[in-house]
Amino acid sequence: MTNPKPKEVDYSKYCKKCVHEKLDDFKEPCNTCLEQFWNEGSDKPIKFEEKSK
């Protein structure tokens, strides 16, 4: 079994769909999310939570 390749996080794709979109970037969970530029096997930020429709 192979390990998934690290992918660059696509903030422009996910942040606008996240429930935390309106938070300041220095507050949690955005701060933690923005510190991690790479994610294993996914371009999704680690603290991403999709807004309900």
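Is Asp 24 buried, partly exposed or exposed, and what is its relative accessible area? In this predicted model, Asp 24 has a relative accessible area of 37% and is therefore classed as partly exposed. The residue takes part in a salt bridge with Lys 27, in which the closest N and O atoms are 3.9 Å apart. Lys 27 is likewise described as partly exposed, since its relative accessibility is 40%.

The overall architecture provides the setting for this pair. Two helices and two strands make up the regular secondary structure of the protein chain, and from the N terminus these elements follow the order β-α-α-β. Along the principal axes, the C-alpha atoms occupy a box of roughly 40 × 25 × 15 Å. The chain comprises 53 residues, of which 21% count as buried. Its accessible surface amounts to about 4,400 Å², with 51% of that area belonging to carbon and sulfur atoms. When contacts between residues at least 6 apart in sequence are considered, 71% of them join residues at least 24 apart.

Charged groups were examined next. The protein chain carries 11 positive and 11 negative charges, and the mean positions of the two sets lie 7 Å apart. Side chains of opposite charge can pair when their charged atoms come close. Three salt bridges are present in the structure. One of them joins the side chains of Lys 13 and Asp 43, with an N to O distance of 3.8 Å. Because Lys 13 belongs to helix H1 (residues 11-14) whereas Asp 43 is located in the segment after strand S2 (38-40), this pair ties together parts that are 30 residues apart in sequence. Lys 13 is partly exposed, its relative accessible area being 35%.

Another salt bridge is formed by the side chains of Glu 21 and Lys 51, at 2.5 Å from N to O. Glu 21 is situated in the loop between H1 and helix H2 (30-35), and Lys 51 in the segment after S2, so this pair ties together parts that are 30 residues apart in sequence. Glu 21 counts as partly exposed at 34% relative accessibility. Lys 51 is also partly exposed, with a relative accessible area of 35%.

The segment after S2 also contains Pro 45 and Phe 48. Pro 45 counts as buried, because its relative accessibility is 5% and the cut-off for burial is under 20%. With residues up to four places away in sequence set aside, Pro 45 touches Val 9, Tyr 11, Tyr 14, Cys 33 and Asn 39. Of these contact partners, Tyr 11 and Tyr 14 fall within the residue range 11-14 of helix H1, and Cys 33 falls within the range 30-35 of helix H2. Asn 39 falls within strand S2 (38-40). The C-alpha atoms of Pro 45 and Lys 27 are 15 Å apart in space, and the two residues are separated by 18 residues in sequence.

Phe 48 is buried as well, with a relative accessible area of 16%. Its contacts, again without residues up to four places away in sequence, are Tyr 14, Lys 17, Cys 18 and Cys 33. Phe 48 and Tyr 14 stand 34 residues apart in sequence, while their C-alpha atoms are 7.2 Å apart in space. Tyr 14 and Cys 33 are thus touched both by Pro 45 and by Phe 48.

Terms used
Residues numbered from 1 in each chain as written. Predicted model: local features only at pLDDT ≥ 70, side-chain atom pairs only at ≥ 80, totals over all residues. Heavy atoms only, no water. Helix = DSSP H or I, 4+ residues; strand = E, 2+ residues; numbered from the N terminus. Buried < 20%, exposed > 50% of the residue type's maximum accessible area, 1.4 Å probe, protein only. Contact = heavy atoms within 4.5 Å. Areas by Shrake-Rupley, 256 points an atom, 1.4 Å probe, with all protein chains shown as cover. Lys, Arg positive; Asp, Glu negative; His and termini not counted. Charge placed at Lys NZ, Arg CZ, Asp CG, Glu CD. Salt bridge = Lys/Arg side-chain N within 4 Å of Asp/Glu carboxyl O.
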